[in-house]
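Got your viewer open and a selection box ready? Here is a walk through one model, stop by stop, with something to click at each.

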Amino acid sequence: MSEDKNKNIQDINTPDDKFIHPENKPRTVISPEGEEIHIEPLRDYFLEKRPEVIQPKSDAVEKFLNWARAESIWVLGFGTGCGSIEIPPLMTPRFDAFRYGVQMRPTPRQSSAIIISGYLAIKTLKRVIRVYEQMPSPKYVLALGSCTINGGMYWDSYNTINRLDHYIPVDVYVAGCMPRPEALLAGFVQLKKKIKEGRAEGANEYAEKFDWYKGNQKKIINDWNMPDYNW
Amino acid sequence: MNDIIQDITTRFSVTDIINKRENLTFVTCRKENTISLITHLRDREKFTHLVLLTAVDWIEDNLFQLTYILNNPTKKIDIAIRTMIPRDNPVMESAHRLWEQVATYQRELKEMFGIEFPDSPRLNEPFILEGWNEIPPYRRDFDTKKYSTETYFPRIGRGTNDPEEYMKSKLYPNDPTK
Amino acid sequence: MDIINKLLFVLLGLFIILNFGLFMGVSMRKIVARVARRNGVPFYQPWLDLIKLYGTRDQISHGIMFYLGPVFRLSGGVGIFLFMPLIFGSQYFNNFSFAGDLVLILYFQFFGMLGMALGAGEGGHPYSAIGISRGLSQFTTIEVPMTLAVISLGIQYNTLSISEIVAAQQGGFQNWTVFTNPFATAAAMLSLLGAFGHSPFNLVKAPNEIPIGPPTEYHSTFLGVLQTNAAILHVIEAVLFMNLFFGGAVNWFELMLKSFLIYFWSVFVGVVFPRYRIEQSVQWFLKVPLLLGVIAIIIYM
């Protein structure tokens, strides 16, 4: 990896000083031995490394793996906005998403897909970014409802984003306000088709256009107190 | 209900008494008297439950209106106390010593309207908005549409329809009278 | 030459056991789904899950113990397998069974759990730590009736070799331990419910408790190893109980049938009973199963 790729892009937009808790402000302290130490509590546990583009393996292997990935979609149990109420019925006898190989996982580390189920407030977007970056690649994003497409009924709100694809790469949109669970199932079928064709490379796209995504994210998240990439 | 109102009228000189329902009365009180009136209602008249605390922005009169709604669970009556505070210097005495949960309402009002409640716990912590740089968003001089357009990448080509006009044009395209 | 032949047959046995374990896991999920009137996952789902997990593109490390955790767990499962006689009387599928294998197997049961605890603790997630403390406290109490039952068997048959215990049960079902020593069997079968970790004793790893317990931070290949081990462990524990209490097996069909039924004893209980909290399950194991185990020992004293 070249030198400037390692460059910390926190410099694009440092968080406003007033949003950092006094305990977390960078400062110089004097140790019991009388030594002066400069500390930055916020950065202590940060791993400041950018995501990398991971090239797919050879065609036949990748096709086989993609088939397995498509048939075993592990969805993170994380709901935002009003659409989160549409996810639990998916697992009930009436809709039974298990038939399609869709299973819920409780932690981002073990899941390969995330459903953004509706409007995203700025506070939630921050959490979504953290969760999305923690998921292992390849990862897929399913955007549910009009709010993720153009803001929906909250298009002129001061606190909800309008277009999700400016902040994280989206694989499949399911339009509606709210879409019913059947529509969500159709979205899953669409996602499987996309994965099998090898077009669902959202994680690589995120790594390629990382600066653009980070710039957009930092434009609205003023109290940025997490690493630039949450490994 | 009526004797309570008469009592507090003489004691605290409340004005603008409006009977909304049989069991709900709105009164207006001066800023200095408000907390003592609420304390009196809570301790003497057994209005032990605070229903809500909210604010209204009267930008034309340069005033904020605070509304405390109190409930008496035994008599099943509500009383709403309105008080006006100046918009230029919005400071109100905190009521968190009467009910602890008022502190949360006051945090919200501080964030959404910028009303100060000195001594209220955790007042300056972010409640819903994290890292908000603008003027408080519930103030009426804050243009939320303009802010959204400038900040959140509006999707080009998004159209809106008035439902009534739209259905008329769909159902009766040739009859403008309907 | 003999040892190579033996190793090949051990690997073949491991392969069969692994696939049978995945199959048992998915049939359990199918049965739970049918009880809930769903169709449930397709039958090939666990194999696909494994391929997907091994094919995940990036891994995040939390240090050397984080790597070793799943490895310890897998060596615990494979260790039990290596010393377990599978088919009675077969010269190929007796693995490395020897005179004291029962003690070693009891040890390996705990070994995997401890390795897992070390690895998950290294993950640094607070939920892992809570999950481990829950898992270890539950597993310790599971071991108590189990050990008592095994001691009772040792006294009864005067041996600690599984092969000899199986040999002593041959000649008709009336010679099985389940009929000759019902108290020890009852204590062990109750502790088996906890060892398989289905409801009502699945608090440690249930996804809808604090997210998934010890493996919170495990992903991709690590999780794949853990799932592989779970499949092996489920079959091999059922085979252990089959050998100890249900007369062993003389062919693969008998082994599969019996271990399937033993496994489903815990699944059927799990479908019917809701989940215990950890302090409840600890108390539960220290009441009836412990008492049964003590009775089993007193009888043969």
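What follows is a tour of a predicted model, going from the chains to their contacts and then inside each one.

**Stop 1: chain A on its own**

Colour by chain and isolate chain A. Its 231 residues include 42% that count as buried. Along the principal axes, the C-alpha atoms of chain A fill a box of roughly 70 × 45 × 30 Å. Switch to cartoon and you should find six helices and seven strands in chain A. Trace them from the N terminus and the order reads β-β-α-β-β-β-α-β-α-β-α-α-α. If you like contact maps, here is one for the notebook: among the contacts in chain A with a separation of 6 or more, 79% join residues 24 or more positions apart.

**Stop 2: who touches whom**

Bring the other chains back. Which pair of chains shares the most contacts? It is chains A and C, out of two pairs of chains in contact. Chain B and chain C do not touch, and their nearest C-alpha atoms are 25 Å apart.

Select the A–C contact first: 20 residues come from chain A and 27 residues from chain C. On the chain A side, the top contributor is helix H1 (residues 59–71), with four residues. Colour that side of chain A by class and you get nine nonpolar, five polar and six charged residues.

Now swing round to the contact between chains A and B, with 18 residues from chain A and 16 residues from chain B. Here the chain A side splits into seven nonpolar, six polar and five charged residues.

**Stop 3: a loop residue in chain A**

Zoom to A:Pro108, in the loop between strand E4 (102–105) and strand E5 (113–117) of chain A. Is this residue buried or exposed? A:Pro108 has 23 C-beta neighbours inside 10 Å, so it counts as buried; the cut-off is 20 or more. Leaving out neighbours within four places in sequence, show A:Leu76, A:Val131, A:Gln134 and A:Met135, which are in contact with A:Pro108. For a distance check, draw a line from A:Pro108 to A:Gly198: C-alpha to C-alpha they are 22 Å apart, with their positions 90 residues apart in sequence.

**Stop 4: the sheet in chain B**

Hide everything except chain B and look for the open sheet of five strands, in the order E1-E2-E5-E4-E3 with mixed pairing. Its edges are strand E1 (15–21) and strand E3 (49–58) of chain B, each pairing on one side only. On average, neighbouring strands of this sheet are turned by 20° against each other, direction ignored.

Start at the E1 end. E1(B) and strand E2 (residues 24–29) of chain B run antiparallel, joined by four bridges. Click B:Asn19 and you will see B:Thr25 of E2(B) standing opposite. Then go over to the E3 end and select helix H3 (residues 102–113) of chain B. This helix lies across E3 and strand E4 (63–72) of chain B, at about 10° to E3(B).

**Stop 5: the helices of chain C**

Switch to chain C and pick helix H1 (residues 2–35). It has 34 residues and reaches 49 Å from first C-alpha to last, close to the 50 Å expected at 1.5 Å a residue. Buried residues in H1(C) include C:Gly13, C:Ile17, C:Phe20 and C:Met28. Among the elements covering the buried residues of H1(C) are H2, helix H3 (64–82), H9 and helix H10 (252–272) of chain C. After H1(C) comes C:Arg37, with a positive phi near 60°.

Next, select helix H2 (residues 45–54) and helix H9 (residues 220–245) of chain C together. They pack at an angle of about 145°, and their axes are 7 Å apart. From H2(C) the contact uses C:Asp49, C:Leu50, C:Leu53 and C:Tyr54, while the H9(C) residues include C:Leu223, C:Gly224 and C:Gln227. By class, this contact has four nonpolar, five polar and one charged residue.

**Stop 6: the nonpolar cores**

Last selection: the largest nonpolar core, with 127 residues. The members touching the most others are A:Leu142, C:Met84, C:Ala187, C:Ile236 and C:Phe241. H9(C) gives the most to this core, with 16 residues. Apart from this core lies another, of 24 residues, including B:Leu41, B:Phe64, B:Ile81 and B:Ala95.

Finish by centring on A:Leu142. Residues up to four places away in sequence aside, A:Leu142 touches seven partners you can label, among them A:Ala113, A:Ile115, A:Val172 and A:Leu191.

Definitions and conventions:
Residues are numbered from 1 along each chain as its sequence is written. Chains are lettered from A and ligands numbered from 1 in the order in which they are written. This is a predicted model: local features need pLDDT of at least 70, side-chain atom pairs count only at pLDDT 80 or more; totals for chains, interfaces and linings use all residues. Helices (H or I, at least four residues) and strands (E, at least two) are DSSP runs, numbered from the N terminus. Ala, Val, Leu, Ile, Met, Phe, Trp, Tyr, Cys and Pro count as nonpolar, Asp, Glu, Lys and Arg as charged, and the others, Gly among them, as polar. Two strands pair if DSSP finds at least two bridges between them. Axes are lines fitted to C-alpha atoms, for helices over the stretch in contact, and angles run from 0 to 180 degrees between N-to-C directions. A nonpolar core is a set of buried Ala, Val, Leu, Ile, Met, Phe, Trp, Tyr and Cys residues joined through C-beta atoms within 7 Å. A residue is buried if 20 or more other C-beta atoms lie within 10 Å of its own, exposed if 12 or fewer, and partly exposed in between; C-beta atoms are placed from the backbone. The expected span of a helix is 1.5 Å times one less than its number of residues.
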